[in-house]
Amino acid sequence: MSLDEQLRNEATKQVVETANGILDGKIGIIEGSRILGGLRLKVCEGNRDPDFTGFVAIDSESDHRPVGRVREHGRRMLS
């Protein structure tokens with residue numbers, strides 16, 4: 001297996017883990033969309049896969065919103 005195939009397989013595993021995290025409620029939809037949008041560049045040929053379109057749109061429309069650790073840090077600062 002070539003290095004490119006190994007990298008693509010690893011990225012594919014990350015896609016599945018992220019999607020499962022979203023479904024399980026462990027990862028928020030915005031944070032998950034940002035992760036999936038980045039991974040599509042490693043998984044999809046030509047970077048255009050309709051399965052990723054919604055996630056890319058969510059990422060694009062919410063890029064001004066903090067998520068994950070940044071959001072939690074902000075909440076603690078406001079408390």
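What share of the contacts between residues at least 6 apart in sequence join residues at least 24 apart? In this protein chain, 56% of them do. Keep in mind that the model is predicted.

**Whole chain**

Start with the protein chain in cartoon view. Look for four helices and zero strands. Following the sequence, the pattern reads α-α-α-α.

Now switch on the surface. The protein chain exposes about 6100 Å². Carbon and sulfur atoms account for 53% of that area. Then colour by burial. The chain has 79 residues, and 20% of them count as buried.

**Helix 2 and helix 3**

Select residues 29-43, which form helix 2. Add residues 53-61, which form helix 3. Their axes come within 8 Å and cross at roughly 120°. Angles of 65 to 115 degrees count as roughly perpendicular and those over 145 as roughly antiparallel, so helix 2 is oblique to helix 3. Turn the view until one helix lies over the other: the crossing of helix 2 and helix 3 is left-handed.

**The contact**

Hide the rest and show side chains. Which residues of helix 2 meet helix 3? On the helix 2 side, pick I29, I30, S33, R34, L36, G37 and R40. On the helix 3 side, pick F55, V56, I58 and D59. Colour this set by residue class. Six residues of the contact are nonpolar, two are polar and three are charged. The nonpolar group includes I29, I30 and L36 from helix 2, along with F55, V56 and I58 from helix 3. S33 and G37 are the polar pair. R34, R40 and D59 carry the charged label.

Conventions: Residues are numbered from 1 along each chain as its sequence is written. This is a predicted model: local features need pLDDT of at least 70, side-chain atom pairs count only at pLDDT 80 or more; totals for chains, interfaces and linings use all residues. Side-chain values use heavy atoms; hydrogens and water are left out. Axes are lines fitted to C-alpha atoms, for helices over the stretch in contact, and angles run from 0 to 180 degrees between N-to-C directions. Helices (H or I, at least four residues) and strands (E, at least two) are DSSP runs, numbered from the N terminus. Angles under 35 degrees count as roughly parallel, over 145 as roughly antiparallel, 65 to 115 as roughly perpendicular and the rest as oblique. A crossing is left-handed if the near helix is turned anticlockwise from the far one by less than a right angle, and right-handed if clockwise. Contact means heavy atoms within 4.5 Å. Buried means under 20% relative accessible area, exposed over 50%, partly exposed in between (1.4 Å probe, protein chains only). Accessible areas come from the Shrake-Rupley method with a 1.4 Å probe; for residues, only the protein chains shown count as cover.
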